[in-house]
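Please look at the enclosed spaces of this model and at the surroundings of its ligand, taking the two in turn.

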Amino acid sequence: MNPERFQTIDDLRRHAARRIPKFAFDYLEGGAGTEAGLARNRAAFENVLLNQFFLRDVRTRSIAVDLFGQTYDSPIGISPLGLCDLVWPGADRALARAAHKLNLPFILSAAATTEMENVAALAPDHLWFQLYVSTRKDVTFDLIARAGAAGIKVLVVTVDLPVPAKRLRDLRNGFSLPFRMTPKMIWELATRPSWSLATARAGTPRFRNMEKYMPPASDNQSLAAFMAQQITAGLDEDLFARIRDAWPGKLVIKGVMTPETALLGLKHGTDGVIVSNHGGRQIDSAPATLDVLPEIAAAVAGKVPVMLDSGIRNGIDVIKAFALGADYVFSGRSFAYGFAATGFAGIERAAALIGDETHRGLAQVGVTGLKDLSSAAIWSEPAKRQTDK
Ligand SMILES: Cc1cc2nc3c(=O)[nH]c(=O)nc-3n(C[C@H](O)[C@H](O)[C@H](O)COP(=O)(O)O)c2cc1C
């Protein structure tokens, strides 16, 4: 299928929904609880309006961004996605190859379905590794050592998962690994033959990064159970500080939703902050990331880059995030939709759509680069402007 027929991320999303079984699509799409948090992430972007400044020369524009000593061609990177091959087999590898080709960062999840060592070889300068801090210290520190040995230079510690979230879609679908062959499941697989065939060929997705820590000959069932009790609720400042000591590269804290957490990260030497509510997947009462961004950016005060994900679906969202204080942005689902919709070309299409919209957006608000964006680009009602004075 010609990827150019997809004009928005939502076009890719709708096509993806037609190609993958409902339980897998729900796993990708779903949020926590009522999913109000998921909706709030989008609403926040839609509610922000932009000022347009004309009579400025905006012929030469760039959407490139400098981050951690590297210049990325794209202002949007790929967020970590656990169990990515459930979306479509080969997703982790394809995302890594795309990151390398398009010159953007891809954060490989600890819960990925491909070993970091294999993925790192595909994107040596573009792969970051995301750590879930384990209940077992030996596992945590071995994962960190492996990331270093694989040549990965940026470690992202996700802090927003003290306990597994309650995701109603997965619970209602009875989603588990290995797949439970209910009549409903068999029907879903039968109606999505390409996905089913590809998955049968590749084998049920497994948490490959974690297999090493399991007793030998563990089956998928015990690996899934092992994974569920892996992530610690005991990640405190001290443990974060020990991770900092163990990691010589850049250290980023992901899942920051308050200035307090950002400041704790800074206190212990974080090199970057990702404002994220896990794409609305942890609690439904989380505020939108765009809404908490300005306060967090003010607290960080330029000491380290402030990045953001959760809800970005187009280039105008990118403009808004940068205008409100982000130094870089990520999305998870946008790229996963692309891959599920039409393979590698779909990932490229997702990046191209968002990149092109960002490029046009810069001209529309009268600046030539993302670092020139500030709150001046954000429109507010005249009455409010008076009160703010
Ligand atoms: C299917 C799926 C799996 C995810 N797995 C992880 C993960 O393993 N680690 C992590 O830090 N975040 C994980 N996240 C959250 C993403 O990294 C990211 O914060 C979120 O997807 C951004 O929102 P967006 O998908 O709306 O762009 C996951 C999100 C999705 C949709």
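In this predicted model, the search for enclosed space gives a count of 1 cavity of 30 Å³ or more, and the largest cavity holds about 30 Å³ of space. Its lining is made up of Y132, S134, V139, L143, M210, M227, Q230 and I231, which by class amounts to 6 nonpolar and 2 polar residues, with no charged residues.

The ligand directs attention to another kind of space, since the room that the ligand takes up is the largest pocket. Around the ligand there are 22 residues, of which P80, S109, T158, D309 and S331 come nearest. When this shell is sorted by class, it has 5 nonpolar, 12 polar and 5 charged residues, so that charged residues, counted here as Asp, Glu, Lys and Arg, are present in the shell around the ligand but absent from the lining of the largest cavity. Among the secondary-structure elements, helix 2 (22–29) and strand 6 (127–132) each supply at least two residues of the shell.

Individual atom pairs add detail to this picture. A polar side-chain atom of S109 lies 2.7 Å from an oxygen atom of the ligand, and a polar side-chain atom of D309 likewise lies 2.7 Å from an oxygen atom of the ligand. For H278, an N or O atom in the side chain is 3.3 Å from a nitrogen atom of the ligand. Taken alone, the ligand exposes 610 Å², and the protein buries 98% of that area.

How values were computed:
Residues are numbered from 1 along each chain as its sequence is written. This is a predicted model: local features need pLDDT of at least 70, side-chain atom pairs count only at pLDDT 80 or more; totals for chains, interfaces and linings use all residues. Side-chain values use heavy atoms; hydrogens and water are left out. A residue is near a molecule or strand if one of its heavy atoms lies within 4 Å of it. A polar contact is a pair of N or O atoms within 3.5 Å; within protein, one must be able to donate a hydrogen and the other to accept it, and residues adjacent in sequence count only if both atoms are side-chain atoms. Accessible areas come from the Shrake-Rupley method with a 1.4 Å probe; for residues, only the protein chains shown count as cover. On a 1 Å grid over the protein atoms alone, a cavity is a set of points where a 1.4 Å probe fits but cannot get out, and a pocket is an open set with protein on both sides within 12 Å along at least five of seven lines; lining residues have an atom within 4 Å of a point. A molecule sits in a cavity or pocket if more than half of its atoms lie within 2 Å of its grid points. Helices (H or I, at least four residues) and strands (E, at least two) are DSSP runs, numbered from the N terminus. Grid points are joined across faces, edges and corners, and a volume is the space filled by probe spheres set on the points.
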